[in-house]
Amino acid sequence: MEETPVENEISSFDQLDIPVDFDFRTTKELNLTLFAGDAVHSVFYIYDSDPSNGGRLLKKGLSSGDYSFQTAITIPTQGETIFVTRQAFDGKYEEISHEVTASNISLTFAGTQKSTSTGSNLVNNGDFENTSYSYNYENNLQSNISSSNTDVWTLKSWQNNKPNSTIEVSGSNHYVFMDDNKSNKQTFAYYFVAASASTEYTLEVDGNLVDDDDDLEPYVRLSYLGSNGQEINGYEVEVVGEGNGWNTYTITQTSPANTAYIKVILATTTSGKGEVYFDNVELTQAVVVVDADNDGVPDSLDEYPADAARAFNSYYPNAIDFASLGFEDLWPSMGDYDFNDLVLDFQYTIVTNASNNIIDLVGKFKIKAVGATFANGFGVSLDLNPAYVASVTGAQLTGSLVTIASNGLESGHTNKSVFIVYEDINTYAGAMLNTAVGEVATDIPMTTVTVTLGTPQSSVGSEPFNPFIYINQTRGREVHLVNKLPTALALSSYFGDSDDASNGIDVFYKTSQNYPWAIEIPTTFAYPLEEVDVVNAHVKFGPWAESSGASYTNWYENQPGYRNGQNIFQ
Ligand SMILES: [Ca+2]
Ligand SMILES: [Ca+2]
Ligand SMILES: [Ca+2]
Ligand SMILES: [Ca+2]
């Protein structure tokens, strides 16, 4: 379908008037401090928006000794919100949506939101939907166990096998009603359930005291029993507040050694007179934390539950999408600004351990276009001492230019770790590929490079790290993003040569008019056709750059009026 060209006053890159300090970045870095205010260790999940509504995962990490997780993330400049969820070891779950207005963000989680603890109720018929009761008038509250009185409520009265007080189960409203109409009587209902030793149990019961002569002291009791049925320990809470309606009474206790059963008791006292109702009896066992690899991260939150060296996956640009790089390859001379001499999609998976230190950096790289005849190479420089790297695997070393050390990094770097992804793109993928009008796109397979650290580190640099090309198999002729540092193998004689205005100190890879040789966008790049200036493909690129990135932060998107489709490789 023929598209109507969009009006644009700027028809070539060299008409752009770029503010001197603009760096052509389409992303921004945020520093986050996430704090578990209730002092329960937690895994934090950082998304670009609500994950239940399409939000994509950026980063995961575990609270440290002070219950905080501090990290940095890189998100699109246009990103207005982040969304953080917190999964606590005790099963609590909490989420915070945060509007990004500053680069330093501090969020405190209180643990008061919804729980994901889904322990099933160990008491059948706890809401008394039906009348599964046995009647057994004994004198002994701590009765012996028989198979007939487990899994069923047993109703009792205290004295001499004579139920002078009454217990009723309402058929319509589903509660237990106890009426102690004489003194020195105790009325109660109990329930047996098999239980484990040294395990936390929680009993919740709704109670409602409706008629009280001020002597009646109804209560809810949780008893831990041994295998002989005798109580080892018991805990009770009194139902109070005559006329106040239904309230919830809760007991949470850890079972003693030798616990074999729990007895839940709903009771009135021996000396009182009055009426009390009980309902919604729930006995739950605490979520048992299993950490099979013993790295401090429970199995349920550990993405590597059988690997103590690994715990979490984080991503750039996110768990779903790829970011993209576009290069010009005539440096130090200006090019034609089609930014397609190499177009590369990429996504990183950053694997961290329970200390939030990086152990693997897994880069997926996919060449989309080679709009060049030069035999260029591509690599990435990390802010990482090469001595910390154990191995690098997966690179396409199809040339004979670079020297690779025994750990797989490029040799010759002391403070940075440099890995070469494509030693010679032309011998690997071909030249002049996927940039011509009408050309049927060639699919280049994904290359996955895994950098594994022998000594995990808290950071290897800010995303997208420091990607670069070297031109036409001249290793020292590197092209980086604006103001990214050259590697130790870059030849300084190029700086300031021809159109380049690098000062060799803190200004790199831009012209005196502040034009770049490389750009990164946080999504796949709909790149220009061969020799088509990017400003004629993406109409808002010019206004974005001239505004120092303030306007049209999403210039690369397919918004109405943003693109001249006939100038973009399809
Ligand atoms: Ca674990
Ligand atoms: Ca693990
Ligand atoms: Ca070009
Ligand atoms: Ca080109």
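The following exercises, each with a worked solution, concern a predicted model of one protein chain.

**Exercise 1. The chain as a whole**

Task: State how many helices and strands the chain has, and what share of its residues count as buried.

Solution: Begin with the secondary structure: the chain has three helices and 29 strands. Turn next to burial: 42% of the 570 residues count as buried. Finally, consider the contacts between residues at least 6 apart in sequence: 69% of these join residues that are at least 24 apart.

**Exercise 2. The sheet that contains β2**

Task: Determine the order of the strands in the open sheet that includes β2, and identify its edge strands.

Solution:
1. The order is β3-β2-β5-β6, an open sheet of four strands with antiparallel pairing.
2. The edge strands are β3 (57–62) and β6 (93–99), since each of them pairs on one side only.
3. From one strand to the next, the twist averages 15°.
4. The pairings may now be taken in turn. Five bridges connect β2 with β3 in the antiparallel sense, and Phe44 stands opposite Gly61 in β3.
5. On the way to β5, β2 forms six bridges, again antiparallel; here the bridge partner of Phe44 is Arg86.
6. Strand β5 (residues 81–88) is joined to β6 by seven bridges, and these two strands run antiparallel. Phe83 stands opposite Ser97 in β6.

**Exercise 3. The two sides of β2**

Task: Establish which residues of β2 point one way and which the other way.

Solution: Strand β2 covers residues 42–47, and six of its six residues are buried. Ser42, Phe44 and Ile46 point one way. Val43, Tyr45 and Tyr47 point the other way. Residues on both sides of the strand are therefore buried, as a residue counts as buried when 20 or more other C-beta atoms lie within 10 Å of its own.

**Exercise 4. A mixed sheet**

Task: Describe the open sheet in which β1 takes part.

Solution:
1. Three strands form this sheet in the order β4-β1-β7, and the pairing is mixed.
2. Its edge strands are β4 (68–76) and β7 (104–109), each of which pairs on one side only.
3. On average, neighbouring strands are turned by 25° against each other, direction ignored.
4. Strand β1 (residues 27–36) pairs with β7 in the parallel sense over six bridges. Leu32 stands opposite Ile105 in β7.

**Exercise 5. The nonpolar cores**

Task: Name the residues of the largest nonpolar core that touch the most other members, and the strand that gives the most to this core.

Solution: The largest nonpolar core holds 79 residues, of which Leu342, Phe419, Val421, Ile425 and Val479 touch the most other members. Strand β21 (residues 342–352) gives the most to this core, with seven residues. Apart from this core lies another, of 30 residues, including Phe188, Leu203, Leu222 and Ala267. To follow one member of the largest core, take Val479: beyond four places away in sequence, its contacts include Phe327, Trp331, Phe468, Tyr509 and Trp517.

**Exercise 6. A residue in a loop**

Task: Is Thr259 buried or exposed?

Solution:
1. Locate the residue: Thr259 is in the loop between β16 (247–254) and β17 (261–267).
2. Count its surroundings: 22 other C-beta atoms lie within 10 Å, so Thr259 is buried.
3. Identify its contacts: leaving out residues up to four places away in sequence, Thr259 touches Ala195, Ser196, Ala197, Tyr224 and Ile232.
4. Compare sequence with space: Thr259 and Ser196 are 63 residues apart in sequence, yet 6.0 Å apart from C-alpha to C-alpha.

How values were computed: Residues are numbered from 1 along each chain as its sequence is written. Chains are lettered from A and ligands numbered from 1 in the order in which they are written. This is a predicted model: local features need pLDDT of at least 70, side-chain atom pairs count only at pLDDT 80 or more; totals for chains, interfaces and linings use all residues. A residue is buried if 20 or more other C-beta atoms lie within 10 Å of its own, exposed if 12 or fewer, and partly exposed in between; C-beta atoms are placed from the backbone. Two residues are in contact if their C-beta atoms, placed from the backbone, lie within 7 Å. Two strands pair if DSSP finds at least two bridges between them. Axes are lines fitted to C-alpha atoms, for helices over the stretch in contact, and angles run from 0 to 180 degrees between N-to-C directions. A nonpolar core is a set of buried Ala, Val, Leu, Ile, Met, Phe, Trp, Tyr and Cys residues joined through C-beta atoms within 7 Å.
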